[in-house]
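User: I'm new to this one and would like a quick tour. Could you walk me through it?

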Amino acid sequence: MDLKFQVKIKIQKPVDTVFDAVYSPEKLSAYFTNGGASAPLDQDTTVMWRFADTPGTEPAAVDVSVIEMFPNERIALEWNGAGDHFTRVEMTFEDVGDSETLVKISETGWRETQADLDRSYGNCFGWSFMICALKAYVEHGVDLRKGSFSGMY
């Protein structure tokens, strides 16, 4: 069995606008990395993402290594998404016409263990929330993350 998942959503904005909202640390921090992002998602860089409302250190932080970046098309990164080993996250951005962008996020590299299966469910939820928050941010300027997780952990 190959443990992996993919989430996707259509966003009613041009692909360059949607891509920039993920690539740009200021924009990404406005709806997702609410503790900040240290740099843009340029290929061959490691970027620290911080989350102010996640359990652990204040704010919780994770390093993401950008493996590939093709403007307005794709970002691939590796991170410690599984807890004890790295997984690969691929984000694709497809212009589907009429100022619409199809965003897909997949994560692979899970081991065939109950612990990894459990973590993959959590990450699937996280990436689903991220693309919904991305949609709300680029279409309406709304931060869906604000207050969503405060006090839950």
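User: Let's start with strand S1: which residues make up its covered face?

Analyst: Keep in mind that this is a predicted model. Strand S1 runs over residues 4-11 and has two faces. Lys-4, Gln-6, Lys-8 and Lys-10 sit on the uncovered one. That leaves the covered face to Phe-5, Val-7, Ile-9 and Ile-11.

User: Okay, and which residue in S7 does Lys-8 stand opposite?

Analyst: S1 pairs with strand S7, residues 100-108, in the antiparallel sense, with eight bridges. Across from Lys-8 in S7 you'll find Lys-104.

User: What about the largest nonpolar core: which element gives it the largest share?

Analyst: This core has 40 residues, and Trp-49, Ile-75, Met-91 and Trp-127 touch the most other members. Elements giving two or more residues to the core include S1, S7, helix H1 (15-23) and helix H3 (114-140). The largest share is seven residues, and it comes from H3.

User: Which of those best-connected core residues does Met-91 contact?

Analyst: Let's set aside neighbours within four places in sequence. Met-91 then contacts Val-22, Glu-73, Arg-74, Leu-77, Lys-104 and Ile-105, among others. From the residues that touch the most other core members, its contacts include Trp-49, Ile-75 and Trp-127.

User: Zooming out, what is the radius of gyration of the protein chain?

Analyst: The chain has three helices and seven strands, in the pattern β-α-α-β-β-β-β-β-β-α. For 153 residues the globule rule gives 15 Å, and the chain's value is close to that, so it is as compact as a globular protein of that length. The radius of gyration is 15 Å.

Terms used. Residues are numbered from 1 along each chain as its sequence is written. This is a predicted model: local features need pLDDT of at least 70, side-chain atom pairs count only at pLDDT 80 or more; totals for chains, interfaces and linings use all residues. Side-chain values use heavy atoms; hydrogens and water are left out. Buried means under 20% relative accessible area, exposed over 50%, partly exposed in between (1.4 Å probe, protein chains only). Helices (H or I, at least four residues) and strands (E, at least two) are DSSP runs, numbered from the N terminus. Two strands pair if DSSP finds at least two bridges between them. A nonpolar core is a set of buried Ala, Val, Leu, Ile, Met, Phe, Trp, Tyr and Cys residues joined through side-chain atoms within 4.5 Å. Contact means heavy atoms within 4.5 Å. The radius of gyration is taken over C-alpha atoms; the globule rule is 2.2 Å times the number of residues to the power 0.38.
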